[in-house]
Amino acid sequence: LPDRIDIPQPLKMSRGLADGYEDLRMRTLAEFGPQGGLVALTKLRMYCAHPDLSNDRQSDPAHDMPKYVRLLEIVDEVFGANEKALVFSTYTGMADLFLQDLPKRFPKIFLRVIDGRLPVDQRQPTVDAFFEHVGPGVLLLNPKAAGTGLNITAANHVIHYNPEWNPALTDQATARAYRRKQLRPVTVHYLYFLSTIEELIVER
């Protein structure tokens with residue numbers, strides 16, 4: 001196999017984002033009592049993916065959201081090289097947000113989603129269309145729905161938008177692009193926020 005370049009991308013929340021994170025944590029603990037810790041884990045992970053998953057949608061998802069801004073920067077670099085990327089996220093809400101926003105910023109790219117909502121018999125045809133597309137493109141993937149079985153070596157960039165508790169799931173997802181028949185070096189980005197539940201997941 002060619003080289004694989006792993007790039008952790010620790011990011012710092014803005015003050016407003018961090019205040020919202022702490023407010024959500026405290027409200028969840030107060031609302032759910034002894035069980036609040038477990039509930040908060042899920043809510044805080046979603047908040048770190050994007051506050052819009054917890055609140056009303058903003059007009060610009062990049063506003064005051066360093067992780068989303070970094071994703072756009074990486075994608076812009078990939079498209080500038082006329083290459084393709086896989087973007088993995090746990091949440092269907094993120095896939096929907098990407099689908100709404102990315103075509104506005106990059107109108108000529110290939111953009112599709114493979115997650116639990118896509119029937120199994122339509123997943124391989126979606127991958128085939130990704131291979132056949134001439135030019136830059138992105139496949140938005142759920143690591144559980146698309147983390148095994150699919151050969152997606154048309155992409156040589158992988159972006160893990162939020163960390164998973166199970167590192168094997170992340171490795172299996174990366175292996176969709178970094179596998180036999182891959183002819184180019186593969187760059188793997190891991191985005192996560194410092195001083196949050198995401199940093200704890202990465203450390204574990």
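What is the handedness of the crossing of α1 and α2? The crossing is right-handed. This is a predicted model. Two helix pairs and one cavity are covered below.

**Helices α1 and α2**

- Helix α1 spans residues 15-32, and helix α2 spans residues 36-49.
- Their axes come within 8 Å of each other.
- The axes cross at roughly 155°.
- Angles over 145 degrees count as roughly antiparallel, so α1 and α2 are roughly antiparallel to each other.
- On the α1 side, the contact is made by G16, L17, G20, Y21, L24, R25, T28, L29, E31 and F32.
- On the α2 side, G36, G37, V39, A40, K43, L44, Y47 and C48 take part.
- By class, this contact of α1 with α2 holds 10 nonpolar, five polar and three charged residues.

**Helices α3 and α4**

- Helix α3 covers residues 66-80, and α4 covers 92-105.
- The axes of α3 and α4 lie 13 Å apart.
- Their packing angle is about 50°.
- That angle falls outside the parallel, perpendicular and antiparallel ranges, and α3 and α4 are therefore oblique to each other.
- The crossing of α3 and α4 is right-handed.
- From α3, the residues in contact are Y68, L71 and L72.
- They meet M94, L97, F98, D101, L102 and R105 in α4.
- This contact of α3 with α4 divides into seven nonpolar, no polar and two charged residues.

**Cavity**

- The count comes to one cavity of 30 Å³ or more.
- The largest cavity holds about 60 Å³ of space.
- Its lining consists of V87, S89, Y91, T92, A95, F98, V113, D115, L140, L141 and N142.
- Two elements, α4 and β4 (137-141), each give two or more residues to this lining.
- Helix α4 supplies the largest share, with three residues.
- By class, the lining of the largest cavity has seven nonpolar, three polar and one charged residue.

**Where the topics meet**

- F98 of α4 is part of the contact with α3, and F98 also lines the largest cavity.
- Helix α4 thus packs at an angle of about 50° to α3 and gives the largest share of the cavity lining.

Methods. Residues are numbered from 1 along each chain as its sequence is written. This is a predicted model: local features need pLDDT of at least 70, side-chain atom pairs count only at pLDDT 80 or more; totals for chains, interfaces and linings use all residues. Side-chain values use heavy atoms; hydrogens and water are left out. Axes are lines fitted to C-alpha atoms, for helices over the stretch in contact, and angles run from 0 to 180 degrees between N-to-C directions. Helices (H or I, at least four residues) and strands (E, at least two) are DSSP runs, numbered from the N terminus. Angles under 35 degrees count as roughly parallel, over 145 as roughly antiparallel, 65 to 115 as roughly perpendicular and the rest as oblique. A crossing is left-handed if the near helix is turned anticlockwise from the far one by less than a right angle, and right-handed if clockwise. Contact means heavy atoms within 4.5 Å. Ala, Val, Leu, Ile, Met, Phe, Trp, Tyr, Cys and Pro count as nonpolar, Asp, Glu, Lys and Arg as charged, and the others, Gly among them, as polar. On a 1 Å grid over the protein atoms alone, a cavity is a set of points where a 1.4 Å probe fits but cannot get out, and a pocket is an open set with protein on both sides within 12 Å along at least five of seven lines; lining residues have an atom within 4 Å of a point. Grid points are joined across faces, edges and corners, and a volume is the space filled by probe spheres set on the points.
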